[in-house]
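Me: I am a first-year student, and I would like a careful, close look at one short helix and at what surrounds it. Please take your time and explain each term as you go.

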Amino acid sequence: MEQLHLPAYHRAQGSITLPGSKSISNRTLLLAALSEGVTTIRDLLASDDTARMLEALQTLGVGLENLGNNDWVVTGCAGKFPNKQADLFLGNAGTAFRPLTAALALAGGDYHLHGVARMHERPIGDLVDALRQAGAEIAYLGNAGYPPLQISTAKLDVSQPIKIRGDVSSQFLTALLMALPLTGQAATIEVVGELISKPYIEITLNLMQRFGVCVTRDSWQYFHIAADAKYQSPKDIYVEGDASSASYFIAAGILAGDLTVNGVGKQSIQGDIQFAEAAKSMGGKLVYGENHVHAELTGKLRAIDLDCNHIPDAAMTLAVMAMFADGTSTLRNIASWRVKETDRIAAMATELRKLGATVVEGADFIQVTPPTHFIPNAVIDTYDDHRMAMCFSLMSLAGIPIIINDPKCVAKTFPDYFKVFASIAS
């Protein structure tokens, strides 16, 4: 296995520009494909996840042109994919697999959707159950409730509210919201139970509106889509920098330096920008600009006890920051970690202990007590999870060398991460 040896760093300074948001990139690609008209997407993230979406759309017959500099032209198919039969391999890209499942189930056609072994362990049953309520025909080809899937042409009826659980993954609701306009019928979604990760639904609703479909909602329980809802190209659209990726560099500035993070700011539509407020509650010094965040060396951080439901991905960075805090930190309401690229609660607990931490994990929380002295040269397993690799790079700023196994897993969202990190660390 390839390893990356990070030396003992003591400073983080300078400025970096973020890659595009994964969540915004794959939503925008699919919405552009489903629209009438031609869309130019600027600053699209170049990563494994977006590559899987681009490959899928190309296989489905959507017109794609790469202009260079991460700019793409998408010729929309007005909700009718030209290729009605396809075999789609989607890797471990949940932001591609879930929305495409819904779109293909409601667009009509016969499709085989599959991915890597871990993708086949990630639940999709709640989304399939919701789509079946609309008349969709979806068969499990392996274990019930999990990919791979076979989708067949079906007669759809959305006259009754479609119920979907909200407490497993917000991607299920996102997928349903984005796909329902394809039916040409008025539709209502009823969320059963608590809706987690609401900021990700805000991204979905914001982008759908940019493409001409306005969803009305009653609180966070009912969502209504009009019968005449149709996606229309906005012509040009820019992808924001990734706020989840911003968390690593904001943390680096707080832990060891003077760092400007370009690509997101106070106007960001991404919920993970709220990571900055959580970092401030630990004592971080931050200044927001329109399109940047500036973070400065803070010194000893305060321990926190925080509900992290609104920042599930960026909360992983807080778990590593807790290693620099004075006391025990508890991150709560993070059950969704367990159904991500790996079981992130278990993985984070295991790897933090290698550095000397005392860690308690529960079904939906993690509690971190830092050690008196860090254990140097710890070998960190990353579980084919990009965020594990990026989070643990921050431990090198404690002035200890650290070894990252399988560093190339960051290609999922930030292929140049370690190059960029090395450019600001000294």
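Just after H4, which residue takes a positive phi, and of about how many degrees?

Reply: This is a predicted model, in which local features need pLDDT of at least 70 and side-chain atom pairs count only at pLDDT 80 or more, whereas totals for chains, interfaces and linings use all residues. Residues are numbered from 1 along each chain as its sequence is written, and side-chain values use heavy atoms, with hydrogens and water left out.

The residue you ask about is Gly135, which takes a positive phi of about 100° just after H4. Helix H4 itself spans residues 125–133; helices (H or I, at least four residues) and strands (E, at least two) are DSSP runs, numbered from the N terminus. Within H4, Gly125, Asp126, Leu127, Val128, Ala130 and Leu131 are buried, where buried means under 20% relative accessible area, exposed means over 50%, and partly exposed lies in between, with a 1.4 Å probe and protein chains only. The cover over these buried residues of H4 includes helix H3 (94–107), strand S8 (137–140), strand S9 (149–152), S10 and H5.

Two of those covering elements, S10 and H5, lead on to a further strand, since S10, H5 and S11 make a right-handed β-α-β unit. Right-handed here means that, with the strands pointing away from the viewer, the path from the first strand over the helix to the second runs clockwise. Strand S10 (residues 162–165) pairs with S11 in the parallel sense over four bridges, and two strands count as paired if DSSP finds at least two bridges between them. One place to look for this pairing is Ile164, whose bridge partner in S11 is Val191. S11 is also joined to strand S13 (residues 222–225) by four bridges, and these two strands run antiparallel; there, Ala187 has Ile225 of S13 as its bridge partner. Strand S11 (residues 187–192) is largely enclosed by the rest of the structure, because five of its six residues are buried.

The helix of this unit, H5 (residues 170–179), holds Ser170, which counts as buried at 6% relative accessibility. Leaving aside neighbours within four places in sequence, Ser170 is in contact (heavy atoms within 4.5 Å) with Ile196, Ser197, Tyr200 and Ile201. Ser170 is also part of a UniProt annotation, "binding site", from an unreviewed entry, which covers Lys22, Ser23, Arg27, Ser169, Ser170, Gln171, Ser197, Asp313 and Lys340. UniProt positions are given in the numbering used here with shortened feature names, and such annotations may be inferred rather than shown by experiment. From this set, Lys22, Ser23, Arg27, Ser169, Ser170, Gln171, Ser197, Asp313 and Lys340 appear in the lining of the largest cavity. A cavity is a set of points, on a 1 Å grid over the protein atoms alone, where a 1.4 Å probe fits but cannot get out, and its lining residues have an atom within 4 Å of a point.

Two other members of that annotated set deserve a look of their own. Arg27 sits in helix H1 (residues 22–34) and is buried, with a relative accessible area of 6%. Not counting residues up to four places away in sequence, Arg27 touches Thr174, Met178, Tyr200, Ile203, Thr204 and Leu207. Asp313, which UniProt also lists under "active site" in an unreviewed entry, is placed in the loop between strand S19 (305–307) and helix H9 (315–321). At 9% relative accessibility Asp313 counts as buried, and, neighbours within four places in sequence aside, Asp313 is in contact with Tyr200, Ser244, Asp272, Lys340, Arg344 and Arg387. Tyr200 can therefore be found in the contact lists of Arg27, Ser170 and Asp313.

Two further serines can be described in a similar way. Ser336 is found in the loop between strand S21 (329–332) and helix H10 (344–354) and counts as buried at 10% relative accessibility; not counting residues up to four places away in sequence, Ser336 touches Val168, Ile196 and Pro312. Ile196 is thus a contact of Ser336 and is listed for Ser170 too. Ser245 lies in helix H7 (residues 243–256) and is buried with a relative accessible area of 0%, and, with residues up to four places away in sequence not counted, Ser245 touches Leu18, Arg387 and Phe414.

Technical notes: On a 1 Å grid over the protein atoms alone, a cavity is a set of points where a 1.4 Å probe fits but cannot get out, and a pocket is an open set with protein on both sides within 12 Å along at least five of seven lines; lining residues have an atom within 4 Å of a point.
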